[in-house]
Each structure stands twice: as C-alpha cells, then as structure tokens.
Protein chains: 2
Amino acid sequence: MRIRTPIDLGALIRERRKALGLDQKTLAEKVGVSRQWIVDVEQGKPRLEIGLVLRTANALGIALTVDKPTEGTSLAQPVILDSIIDAARKRRK
Amino acid sequence: MRIRTPIDLGALIRERRKALGLDQKTLAEKVGVSRQWIVDVEQGKPRLEIGLVLRTANALGIALTVDKPTEGTSLAQPVILDSIIDAARKRRK
DNA sequence: ATATAATGTCATCGTTCGCTGACATTGGGA
DNA sequence: TCCCAATGTCAGCGAACGATGACATTATAT
C-alpha cells in the first residue's frame, strides 16, 4: 500500500491499532504521547511531527519502506544509501 | 530500504535529490517550501511537519510503501511491540 | 434499556515551527 | 588559483503544535 498523504498514514495507523486490539488511550501510553495526539494522527493532520509519526508507526509494527529505483536508472546503489545513513547518524551525535 | 527515523528519511531525500541533479533551492521551489526547510529535513529534524515531508518525498519520486501483514499471521507480537516502545521512551527522555 | 468504554471535540499555554533574509563556509567549475 | 554556486548557520516573528483536562457523542457489553 502506497503512502502519499498524512490521511493515508493516519488511516493505516488506525487500522493497525484496531487489528492489534488496542484503544487510543493504550496506544498513546505505549508510544508516550497524548490520546489527543493519537486522535490527530489518525485523522490525518498534516502538521504533526514526523518523528512522532514514525515512532507511532514503528510501535505498531508498521514497516515503512522505499522501493529501489527501477533498473537502468542512475540512482545510488543500496550500499551507498547505507553509508549515507550511517554518516547522518554520526552527524546527529 | 526501511525508514525508521527522520534521519533515515532525510538522508534518502538528500541522496535522491542529488541523484536527480537538483540543488536545495530548486527542490524547495518545486515543493513550495523554503530552502531552510530543505536543509532541515535533510538533516533529519524530528519535529517537521509530516505533510511537508510526504510532499517532498512525492516531489522526488520517493514511493513510501507499507507491506501488508502476511496472510494467516497475527500482527506483530506483543513482546516485540513492548521492546520497541521501551526503546522509543528511552530515546525521548 | 442501561451503563461503561471508546472516541470526538474543544480551550489553554509554553514551546517550536516555517518563512525570510543575511552572512559564513564549503564545493566545484573554469 | 579564482570565482561563483551550493550549502550551512543564525535570528526574528506570526502561527500552530502537543500536553492536559474537560465534556459531548457514539459504540459496545450486559
């Protein structure tokens, strides 16, 4: 399933939360945000923090992935991506 | 490749921007944000707006997808969820 | 039908955002 | 080597966030 908008992601978070048998209060406690925030993200509010959104997705076992560019394009190989990410993490610290 | 944090996504955005031969100013104009915002997202700032982040990814042709849970399996196991959440809490503090 | 749980909605407040513009530093082409 | 492009960094400001708590509405269990 393709994620294009905050509404797409919010609907997925709600679906997965219900599939896991959790209510909004329980998920909020597990993620470490307010229940109001869970309401907001499930409703697809566009101005929420990307860090909290990714954390919520991770907490629900939602694996966001990016497809590799199709063969023939000149984009970077996976190993280069990994080193870029490693470098970014080092800069963060 | 798996996107877990704003830094993961920021590094990917920068890599794809360069692969497309764009500079920060050009991408900013294409997305409709400031160049400062592009600097921020590439550096993995966690508190940026999810709506702008997704719009930037879309503008670069980055397709974010979510794998469906395999048929017959129950979703993520509770113990795995708990450890992920515990890790998230430790990072937040 | 009733009671409780879950969700939706709203307001307040301290904090941070995104834009803008300027300036410093680094990268890259000639 | 030089010059310009690209990127990094910084500050001020109006607007919105996330937490909190309360209340209304809907869903669900009995």
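Hi everyone. Let's start at the DNA: of the atoms of DNA strand C within 4 Å of the protein, 65% are part of sugar or phosphate, and the rest are part of bases. Before we go on, this is a predicted model, where local features need pLDDT of at least 70, side-chain atom pairs count only at pLDDT 80 or more, and totals for chains, interfaces and linings use all residues, while side-chain values use heavy atoms and leave out hydrogens and water. Residues are numbered from 1 along each chain as its sequence is written, and chains are lettered from A and ligands numbered from 1 in the order in which they are written.

So who sits around strand C? There are 18 residues surrounding DNA strand C, and the closest are A:Gln24, A:Gln36, B:Ser34, B:Arg47 and B:Leu48. A residue counts as near a strand if one of its heavy atoms lies within 4 Å of it. By class, that surface has four nonpolar, six polar and eight charged residues. Here Ala, Val, Leu, Ile, Met, Phe, Trp, Tyr, Cys and Pro count as nonpolar, Asp, Glu, Lys and Arg as charged, and the others, Gly among them, as polar.

Now some polar contacts. Those are pairs of N or O atoms within 3.5 Å; within protein, one must be able to donate a hydrogen and the other to accept it, and residues adjacent in sequence count only if both atoms are side-chain atoms. A:Arg17 has a polar side-chain atom 2.9 Å from a phosphate oxygen of DNA strand C. A:Arg35 puts a polar side-chain atom 2.7 Å from a base oxygen of strand C. From the other chain, a polar side-chain atom of B:Trp37 lies 3.3 Å from a phosphate oxygen of DNA strand C. The elements giving two or more residues to the surface near strand C are α1 (6–19) and α3 of chain A, together with α3 of chain B. Helices (H or I, at least four residues) and strands (E, at least two) are DSSP runs, numbered from the N terminus.

Over to the other DNA strand. Which residues come closest to DNA strand D? Out of 19 surrounding residues, they are A:Arg47, A:Leu48, B:Gln24, B:Arg35 and B:Gln36. A polar side-chain atom of B:Gln36 lies 2.3 Å from a base nitrogen of strand D. B:Gln24 uses a backbone N or O atom instead, 2.6 Å from a phosphate oxygen of DNA strand D. B:Asp23 has a polar side-chain atom 3.1 Å from a phosphate oxygen of that strand. Here, α3 (35–42) of chain A and α1 (6–19) and α3 (35–42) of chain B each give two or more residues to the surface.

B:Asp23 has another partner: at the start of α2(B), a side-chain oxygen of B:Asp23 reaches to within 3.3 Å of the backbone nitrogen of B:Lys25. Helix α2 (residues 24–31) of chain B has B:Gln24, B:Leu27, B:Ala28 and B:Val31 as its buried residues. Buried means under 20% relative accessible area, exposed over 50%, and partly exposed in between, using a 1.4 Å probe and protein chains only. Seen down the axis of α2(B), these buried residues fall within an arc of 105 degrees, so they line one face of the helix; the arc is that of the directions from the helix axis to the C-beta atoms. They pack against α1, α3 and α4 (50–59) of chain B. On the face turned away sit the exposed residues B:Lys25, B:Glu29 and B:Lys30. Just after α2(B), B:Gly32 takes a positive phi of about 90 degrees.

One more residue I like is A:Glu42, in helix α3 of chain A. Why does A:Glu42 count as buried? Because its relative accessibility is 6%. A:Glu42 is in contact (heavy atoms within 4.5 Å) with residues including A:Gly10, A:Arg14 and A:Gln24. A:Arg14 is 28 residues away in sequence, yet 5.7 Å away in space, C-alpha to C-alpha.

Finally, confidence. Chain A averages a pLDDT of 80; pLDDT is the predictor's confidence in each residue, from 0 to 100. Among the elements of chain A, α3(A) has the highest mean pLDDT, 96, and helix α5 (residues 78–92) the lowest, 45. Across residues 71–93 of chain A, pLDDT stays under 50. Where pLDDT is low, the predicted coordinates should not be read in detail.

Key:
Lists of a residue's contacts leave out its neighbours within four places in sequence.
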